[in-house]
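Please look over the sequence and the model shown here before reading on. The paragraphs after it are meant to be followed with both in view.

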Amino acid sequence: PSCPGRCPRGAPLPPPRHRLWPPWRRSPCRTPPPGFPAPGRVAVGGAAMAGAAGEAHKARGNALLKDGDFEGAVAAYGEAIAADAAVAAYWSNRSHARLRAGDAEGALADAAEVARLEPRWAKSHFRRALALKELGRPRDAAEACTEGLKFAANDAEAGELRKLREVMACASAALALSGWWHGMVSKELGGFMQEFCFLPEGELRCAVYGQELPGTYALHDVEVSAGGALRGGVDVRLNGEKVPYLFRLQGGDVLDLCCPMTSPPERPRSFDGPGYVGMRKGRDEAASGTKELPEGERVLRYLGELAEATESRVPTSDGGAAGDRAAEKLLEEAEGGGTVNSRQLVGAETLEDKAKKMAQDNHVQALRLKYTDAIDQIAQKLLKGELDASKAYPAVAKDLQRALRRLGCGAPGAAE
């Protein structure tokens with residue numbers, strides 16, 4: 001037959017060297033007729049050859065990756081991509097190799113191409129999450145894991161994605177929470193300004209009236225919504241007591257916190273009730289301590305505020321006789337840094353009683369932070385009659401004696 005590619009010489013076709021070669025491949029001019037792929041493009045049988053070449057490069061890349069030659073593996077997977085760029089696995093493998101080689105940006109670019117080629121392949125989103133993790137973008141990494149979970153083919157894939165998402169969500173929350181926050185707690189809990197500072201490695205600083213108390217925090221069950229909002233649990237531990245808060249960050253500089261009002265404490269499920277406090281980023285500019293006041297004045301103020309706290313306690317069936325020395329008992333429990341527990345002061349309790357007494361406990365703890373342990377110890381001695389107010393603080397002795405009587409306590413030198 002004559003040359004189908006319109007060979008100008010009209011030369012006869014030689015015998016085929018391969019059974020799949022079309023007639024024009026055997027012509028001297030090798031010019032394809034209309035409708036055939038241009039020279040250099042994959043024609044009949046070419047796809048199989050390109051696939052074989054790509055798989056060979058991939059196998060070589062796998063071997064190099066196993067041997068720890070990450071740069072060599074990147075190059076080998078690059079050749080596989082050059083052979084057939086439509087295979088998502090080649091891009092996925094190169095993303096992995098680039099990440100191992102320290103090229104997180106390149107790994108993310110390859111992972112994005114994997115997701116473009118195979119958007120319903122869970123591994124494409126997993127690769128993207130790993131790259132985002134290395135780039136210090138935990139919130140984006142958590143969202144990538146959430147997207148991948150939609151297409152997880154089995155429990156193993158789903159478990160891997162959930163594990164990475166949990167780690168990234170907690171890391172994202174730790175970054176968003178870092179630094180100082182301040183907010184006014186509810187009147188039921190004392191109505192004071194509370195400040196939290198979330199530091200690296202789970203370290204916490206709590207400040208009340210300018211007095212700082214060290215503690216720790218731990219994040220749990222953090223969720224990242226589609227819009228990037230964060231919600232979960234944060235366990236705050238101060239003076240050895242753990243308080244399970246519910247927190248929410250919706251962007252900006254507002255942190256929603258809610259502490260439990262039950263005993264034993266259980267993490268709240270919503271942001272309402274007396275346990276809720278809205279906190280803003282930064283420190284409270286108006287917050288200040290009482291260190292500049294004379295010692296006697298500080299003791300007087302402490303006793304006055306303590307009296308207000310004890311007068312708000314729940315009445316008991318004995319007409320209040322059991323509460324005459326409530327302040328002394330509360331302070332004795334607090335001695336040595338222990339946690340104040342007003343539940344021991346009364347008998348049977350309703351749920352409302354428990355909530356009120358928990359609020360009183362928190363208020364007394366805040367007062368101790370505000371006035372320091374030294375002032376607390378002096379107040380205990382006055383309440384127990386171990387210290388004479390008229391001799392220790394003559395300038396405010398009469399006011400101190402009135403405060404002590406208000407708390408139901410006699411004191412040396414009480415006569416006016």
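What follows goes from the whole chain to the barrel, the cores and a few single residues.

This is a predicted model, in which local features need pLDDT of at least 70 and side-chain atom pairs count only at pLDDT 80 or more, while totals for chains, interfaces and linings use all residues. Residues are numbered from 1 along each chain as its sequence is written, and side-chain values use heavy atoms, with hydrogens and water left out.

The chain holds 12 helices and eight strands, these being DSSP runs numbered from the N terminus (helices H or I, at least four residues; strands E, at least two). Of its 416 residues, 44% are buried, where buried means under 20% relative accessible area, exposed over 50% and partly exposed in between, with a 1.4 Å probe and protein chains only. Among the contacts (heavy atoms within 4.5 Å) with a separation of 6 or more, 49% are between residues 24 or more positions apart.

The eight strands close into a barrel in the order β1-β2-β3-β4-β5-β6-β7-β8, with antiparallel pairing; two strands pair if DSSP finds at least two bridges between them. From one strand to the next, the twist averages 30 degrees; here axes are lines fitted to C-alpha atoms, for helices over the stretch in contact, and angles run from 0 to 180 degrees between N-to-C directions.

Within the barrel, β4 and β5 run antiparallel and are joined by eight bridges, with Ala-218 having Asp-235 in β5 as its bridge partner. These two strands form a hairpin with five residues between them, and Gly-228 in the turn has a positive phi of about 95 degrees. Strand β5 then pairs with β6 in the antiparallel sense over nine bridges, and Leu-230 stands opposite Leu-249 in β6. The hairpin of β5 and β6 has two residues between the strands, with a positive phi of about 55 degrees at Asn-239 in the turn. Because seven of its nine residues are buried, β5 is largely enclosed by the rest of the structure. On the other side of this pairing scheme, β6 (residues 241-249) is joined by four bridges to the antiparallel strand β7 (residues 254-258), where Leu-255 is the bridge partner of Leu-249.

Helix α7 lies across β1, β2, β4, β5, β6, β7 and β8, running at about 140 degrees to β4. One of its residues is Ala-158, which is buried at a relative accessible area of 8% and touches Leu-149 and Ala-152, not counting residues up to four places away in sequence.

The largest nonpolar core, a set of buried Ala, Val, Leu, Ile, Met, Phe, Trp, Tyr and Cys residues joined through side-chain atoms within 4.5 Å, has 49 residues, and those with the most contacts inside it include Phe-196, Val-234 and Leu-257. Helix α7 (residues 155-177) gives the most to this core, with seven residues. Apart from it lies another core, of 22 residues, among them Leu-300, Leu-306, Ile-378 and Tyr-393.

Towards the end of the chain, helix α12 (residues 397-406) has Ala-397, Leu-400, Gln-401, Ala-403 and Leu-404 buried. They cover an arc of only 160 degrees around the axis, which puts them on the same side of α12, the arc being that of the directions from the helix axis to the C-beta atoms. Just after α12, Gly-408 takes a positive phi of about 80 degrees.
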